[in-house]
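Visitor: I have a protein model open and would like to learn how to read it. Could you walk me through it feature by feature?

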Amino acid sequence: MALAAKLQLRQSQSLVMTPQLMQSIRLLQFTHVELEHFIDEEIERNPLLERAEPQDDAASDQAQKIEAEPQATTDGDWFENETQWSAEAISDKLDTSLENLFPDDPGTSERLGPDLTAQWKSASGNGAGSSSEGFDAGDMAAAAITLRDHVGEQVALAFADPAARLIAANLADGLDETGYLRADLAEIATRLGTDVAAVRKVLAVCQTFEPAGLFARDLAECLSLQLAVRDRLDPAMKALVANLELLARRDFHALKRICGVDEEDLLDMLAEIRALDPRPGMAFSGGASDAIVADVEVRAANDGSWTVELNAETLPRVLVDHIYFAQVSPQAKNQAEKDFLAECLQNANWLTRSLDQRAKTILKVASEIVRQQDAFLVHGVRQLKPLNLRTVADAIGMHESTVSRVTANKYMLTPRGVFELRYFFTASIAASGGGDAHSSESVRDRIKQLIDEEKPVDVLSDDAIVDMLRESGVDIARRTVAKYREGMNIPSSVQRRREKRALASAGR
């Protein structure tokens, strides 16, 4: 067979990850805080973008700014005298179309549905709930004090000698986030040119700092420091602290013998140990955390259904300054400046469209979740239905990956509390009688209730729990029960039985 070269033409379709496509995908999975940060960066880069601030005179604002709507098209009236800025010239610079990016875009009110369209319009309005006026006490909050700052202040007050203060500063450098000293005393002494006795003397003073337990080298020393401050470090308590491994094994009989106390005294000592803080430094490790802001709000309607609305606080409103564009575009001196302005206008219009599409998609997915989990909202976790991403995606005509991105790090405010959207997607547990399947989350709740209600003389094993669940119509394997129990940090039946017997014996 002879080999020969020849030319062939092939036609194929492929999805190209354009910059705008990647941006819109990122917008879908952004949290509220991440989205605000992203928009701030875009406004810094794009002179044609600005936030929509609350205005007293809406008519005046409408005359000055034209807000980009999801279905709006550029008509070119405001620059019809500038032929070089025609709509066709700008659209040629787009690297993809919106139809390619959002093939499942609900678009018109007919495809979205009248109810969802009305809810979207009300949620995106500029009502009183969306006002950003008012004083926020969080803006005036002081910076959190770190563990190093807290210890440094006490070092400055406790030591007048510069040498001792230097040793204390090195000891403070050896603290971990829990407040334990992880540095070697001999190594500090060698580095500073002093002896270990001097370092131990300074350490003894540092161990009196507040909160009690700082500069401890292990758990026993941490607890001892706190007990000493409370004047409760008697010989019996010292023996208890020195045998924490017996306490971990719940060997109360051995502890009573070693400490030389009876059951009542041992119970009091255990209560004191539980009241101590094993990680005193953690009080300074927590920084300012962002409060969870629900993206969707669900309320009961008068007709017995549910009203699903977007939270206006999580909907950033961005305007495209067409007036400024019309003013500066004729002053462009060269093609580079014209291209820059065209790109800014293109990106600004694309961002506003993507934000609107993001909000509509969240509303559509949340509405379907509420429809699927109506029984949960009415009756509670026991009625949570099994649900997966594909079920929601097929119901609303979107791709499964889109639903996955929408439900990531988004929260829903319901009459039963605030839940992450992912909470409503649970695995299915088959019914023993051939009925409707059970949600894994509701089965977890049943397991927890059975264990909470068990009697000390009748601790339920995993096999016993399996039998009880099957009697109630849940077909579940023993290994699944064990997995759910361990996931809820519930000890095994052997450990629970040993603990209950020890407590009952100690209480007699």
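Visitor: How much of the chain counts as buried?

Guide: Buried means under 20% relative accessible area, exposed means over 50%, and partly exposed is in between (1.4 Å probe, protein chains only). Of the 508 residues in this chain, 40% count as buried. Bear in mind that this is a predicted model, where local features need pLDDT of at least 70, side-chain atom pairs count only at pLDDT 80 or more, and totals for chains, interfaces and linings use all residues. Residues are numbered from 1 along each chain as its sequence is written, and side-chain values use heavy atoms, with hydrogens and water left out.

Visitor: How many helices and strands does the chain have?

Guide: Helices (H or I, at least four residues) and strands (E, at least two) are DSSP runs, numbered from the N terminus. Here you get 25 helices and eight strands. As for contacts, meaning heavy atoms within 4.5 Å, take those with a separation of 6 or more: 65% of them are between residues 24 or more positions apart.

Visitor: Let's do a helix. What span should α8 have?

Guide: The expected span is 1.5 Å times one less than the number of residues. Helix α8 (residues 147-158) has 12 residues, so it should span 16 Å, and its end C-alpha atoms are indeed 16 Å apart.

Visitor: And which residues of α8 are buried?

Guide: Leu147, His150, Val151, Gln154 and Val155. Those residues sit on the same side of α8, because they cover an arc of only 135° around the axis. That arc is taken from the directions from the helix axis to the C-beta atoms. Among what covers these buried residues is α9 (162-173).

Visitor: Now a charged side chain. Is Lys256 buried or exposed?

Guide: Lys256 has a relative accessible area of 14%, so it counts as buried. You'll find Lys256 in helix α15 (residues 252-259). Leaving aside neighbours within four places in sequence, Lys256 is in contact with Val261, Asp262, Glu263 and Leu266.

Visitor: On to sheets. What is the strand order in the four-stranded one?

Guide: Strands of a sheet pair through backbone hydrogen bonds, either parallel or antiparallel. Two strands count as paired if DSSP finds at least two bridges between them. This open sheet has the order β3-β2-β5-β6, with mixed pairing. The edges are β3 and β6 (417-420); each has a single partner strand, so one side of each lacks a neighbour in the sheet.

Visitor: How do β2 and β3 pair?

Guide: Antiparallel, over five bridges. Val296 has Leu310 as its bridge partner in β3, and Val298 stands opposite Val308. The two strands form a hairpin with five residues between them, and Gly304 in the turn has a positive phi of about 90°. By contrast, β2 runs parallel to β5 (residues 411-414), joined by two bridges, with Val296 opposite Met412.

Visitor: Which way do the side chains of β3 point?

Guide: They alternate. Trp306, Val308 and Leu310 point to one face and are buried, whereas Thr307 and Glu309 point to the other and are not.

Visitor: Which residues touch the most other members of the largest nonpolar core?

Guide: A nonpolar core is a set of buried Ala, Val, Leu, Ile, Met, Phe, Trp, Tyr and Cys residues joined through side-chain atoms within 4.5 Å. This one has 30 residues, and Val296, Val298, Val403 and Met412 touch the most other members. Helix α18 (335-372) is among the elements that give two or more residues, and it gives the most, with seven. That helix lies across β2, β3 and β5. Look at Val298 too: beyond neighbours within four places in sequence, its contacts include Trp306, Val370, Leu377 and Met412.

Visitor: Last one: where are the backbone oddities?

Guide: Most residues other than glycine have a negative phi, and most peptide bonds are trans. Here a cis peptide bond joins Glu210 and Pro211, with omega about -5°. Pro211 is in the loop between α11 (196-206) and α12 (219-229).

Visitor: What about phi of Phe215 and Asn409?

Guide: Phi of Phe215 is positive, near 70°, and Phe215 also lies in the loop between α11 and α12. At 0% relative accessibility, Phe215 counts as buried. Asn409 has a positive phi near 60° and lies in the loop between α21 and β5. At 38% relative accessibility, Asn409 is partly exposed.

Definitions and conventions
Axes are lines fitted to C-alpha atoms, for helices over the stretch in contact, and angles run from 0 to 180 degrees between N-to-C directions.
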